[in-house]
Amino acid sequence: MKNNIKTLREDLGVSQGKLATLCNVSRQTINAIENNKYDPTLKLAFNIAKHLGTTVDKVFLP
């Protein structure tokens, strides 16, 4: 699943580590999602969107 996490995160000045802490996952998990190597659970997807100040459909692309 393609996503805009890296762009959105960098626009906010948030590191992978900070986003990971906010979402209660490891930095490696955020890295894997950004690089399309791991699809997050629905709960994590909503949590990421919340902490990036947007909606799931703006973070994850079809």
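1. Contacts of C23. In this predicted model, C23 touches L44, N47, I48 and H51, leaving out residues up to four places away in sequence. C23 itself is placed in helix α2. The separation between C23 and A45 is 22 residues along the sequence and 9.5 Å in space, taken from C-alpha to C-alpha. C23 counts as buried because its relative accessibility is 5%, where the cut-off for buried is under 20%.

2. The buried face of α2. Helix α2 spans residues 16–23, and its buried residues are Q16, L19, A20 and C23. Viewed down the axis of α2, these buried residues fall within an arc of 100°, so they line one face of the helix. An α-helix has 3.6 residues a turn, so residues three or four places apart point the same way. The cover over the buried residues of α2 includes α1 (5–11), α3 (27–34) and α4 (42–51).

3. The end of α2. N24 follows just after α2 and takes a positive phi of about 60°. The residue is not a glycine, yet its phi is positive. N24 belongs to the loop between α2 and α3. Its relative accessibility is 72%, so N24 counts as exposed; the cut-off for exposed is over 50%.

4. Packing of α2 against α3. Two packed helices are described by the angle between their axes and the distance between the axes. For α2 and α3 the angle is about 110° and the axes are 8 Å apart. That value makes α2 roughly perpendicular to α3, since angles from 65 to 115 degrees are classed in this way. On the α2 side the contact is made by Q16, G17, L19 and A20, and on the α3 side by R27, I30, N31 and E34. Sorted by class, this contact of α2 with α3 has three nonpolar, three polar and two charged residues.

5. The buried residues of α3. In α3, the buried residues are I30, A32, I33 and E34. They pack against β1, α1, α2, α4 and β2. Of these buried residues, I30 and E34 also take part in the contact with α2.

6. The salt bridge. Side chains of opposite charge can pair when their charged atoms come close. The count of salt bridges in the model is one. The partners are R9 and E34, whose closest N and O atoms are 2.6 Å apart. This pair links distant parts of the chain, with R9 in helix α1 and E34 in helix α3, 25 residues apart. Are the two partners buried or exposed? R9 is buried, because its relative accessible area is 7%. E34 is buried as well, with a relative accessible area of 12%.

7. The end of α3. N36 comes just after α3 and takes a positive phi of about 55°. N36 is not a glycine, and its place is the loop between α3 and α4. With a relative accessible area of 42%, N36 is partly exposed.

8. The two sides of α4. Which residues of α4 are buried? They are L44, A45, I48 and A49. These residues cover an arc of only 135° around the axis, which puts them on the same side of α4. On the other side of α4, the exposed residues are L42, K43, F46 and K50. The buried residues of α4 are covered by elements including α1, α2, α3, α5 (56–59) and β2 (60–61). L44 and I48 are also among the residues that C23 touches.

9. The end of α4. Just after α4, G53 takes a positive phi of about 70°.

10. The start of the chain. M1 lies in the segment before β1 (2–3). Once its neighbours within four places in sequence are set aside, M1 is in contact with N36, D39, F60 and L61. N36, one of these partners, is in the loop between α3 and α4. M1 and P40 are 39 residues apart in sequence, and their C-alpha atoms are 9.3 Å apart in space.

Key
Residues numbered from 1 in each chain as written. Predicted model: local features only at pLDDT ≥ 70, side-chain atom pairs only at ≥ 80, totals over all residues. Heavy atoms only, no water. Buried < 20%, exposed > 50% of the residue type's maximum accessible area, 1.4 Å probe, protein only. Helix = DSSP H or I, 4+ residues; strand = E, 2+ residues; numbered from the N terminus. Arc of directions from axis to C-beta. Contact = heavy atoms within 4.5 Å. Axes fitted to C-alpha atoms, helices over the stretch in contact; angles between N-to-C directions. Parallel < 35°, antiparallel > 145°, perpendicular 65-115°, else oblique. Nonpolar A, V, L, I, M, F, W, Y, C, P; charged D, E, K, R; others polar. Salt bridge = Lys/Arg side-chain N within 4 Å of Asp/Glu carboxyl O.
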